[in-house]
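Work through the following exercises with the sequence and the coordinates side by side, and try each one before reading its solution.

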Amino acid sequence: MKPLLILAFLSAPAWADTCPPSPDNTAALSALIEKIRAAPDERAAQPISGQMWELWLMAPDAAAQEALDQGMRQRSSYDFAGSVASFDRLVTYCPEYAEGYNQRAFSYFLTEDFAAALIDLDAALQLSPDHVGAQSGRALTLMNLGRTEEARAQMLEALENNPWLSERALLAKGAPLGPVGEDI
């Protein structure tokens with residue numbers, strides 16, 4: 001075997017044949033949603049929101065976690081093409097893991113590929129219907145696509161699961177998703 005081919009083999013991630021099932025965090029997420037709904041203010045809600053993200057960012061295995069973490073690092077470094085490629089690998093390997101789609105959607109959103117973001121957000125919500133991050137991301141994506149009524153409805157759904165989202169300001173009077181017909 002040629003040295004370059006050996007090096008490529010050794011540096012490639014160790015993928016199993018199939019991704020194991022995603023962790024079933026349904027009960028834990030439901031409990032956190034109830035807890036955040038009862039939070040008295042945004043400050044009390046922040047750590048609960050962080051716990052939600054911990055659940056969503058828990059990949060099915062080490063290989064999936066590495067692809068997720070790598071994609072997020074790449075996106076943080078403004079390597080959007082690299083992050084999309086990492087998330088592509090993740091969703092190919094773990095097609096039942098909602099966060100792979102949600103994170104790829106965020107990379108698409110940041111590059112203003114709203115149509116691609118919406119496809120991934122729909123996939124994430126199909127797998128994890130109460131994913132507040134995907135719900136609010138979908139609302140923002142719909143807003144950027146000019147689909148204001150759908151965006152408003154989606155944001156209201158997200159706020160049902162987390163009334164303390166910072167994006168709630170978009171529903172205020174005069175805001176992009178605010179009440180219609182009260183301008184005068």
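**Exercise 1.** Is the crossing of α4 and α5 left-handed or right-handed? Describe the packing of this helix pair as well.

*Solution.* The model is a predicted one, and in it the crossing of α4 and α5 is left-handed. Begin with the geometry: helix α4, residues 62-76, packs on helix α5, residues 80-93, at an angle of about 160 degrees, and the two axes lie 7 Å apart. Because angles over 145 degrees count as roughly antiparallel, α4 is roughly antiparallel to α5. Next, identify the contact, to which α4 contributes A63, A64, A67, L68, Q70, G71, M72, Q74 and R75, while α5 contributes F80, G82, S83, S86, F87, R89, L90 and Y93. Finally, sort these residues by type, which gives nine nonpolar, six polar and two charged.

**Exercise 2.** Determine whether the length of helix α6 agrees with its number of residues, and establish how the helix is covered.

*Solution.* Helix α6 comprises 13 residues, 98-110, and at 1.5 Å a residue these should span 18 Å; the end C-alpha atoms are 19 Å apart, which agrees. Turning to burial, for which the cut-off is under 20% relative accessible area, one finds that 10 of the 13 residues of α6 are buried, so that the helix is mostly covered. The buried residues are A98, E99, G100, Y101, N102, Q103, R104, A105, S107 and Y108, and they pack against α3 (42-56), α4, α5, α7 (114-127) and α8 (132-144).

**Exercise 3.** What is the sign of phi at E112, the residue that follows α6?

*Solution.* The phi of E112 is positive, near 65 degrees.

Notes:
Residues numbered from 1 in each chain as written. Predicted model: local features only at pLDDT ≥ 70, side-chain atom pairs only at ≥ 80, totals over all residues. Heavy atoms only, no water. Axes fitted to C-alpha atoms, helices over the stretch in contact; angles between N-to-C directions. Helix = DSSP H or I, 4+ residues; strand = E, 2+ residues; numbered from the N terminus. Parallel < 35°, antiparallel > 145°, perpendicular 65-115°, else oblique. Left-handed = near helix turned anticlockwise from the far one by under 90°. Contact = heavy atoms within 4.5 Å. Nonpolar A, V, L, I, M, F, W, Y, C, P; charged D, E, K, R; others polar. Expected span 1.5 Å × (residues − 1). Buried < 20%, exposed > 50% of the residue type's maximum accessible area, 1.4 Å probe, protein only.
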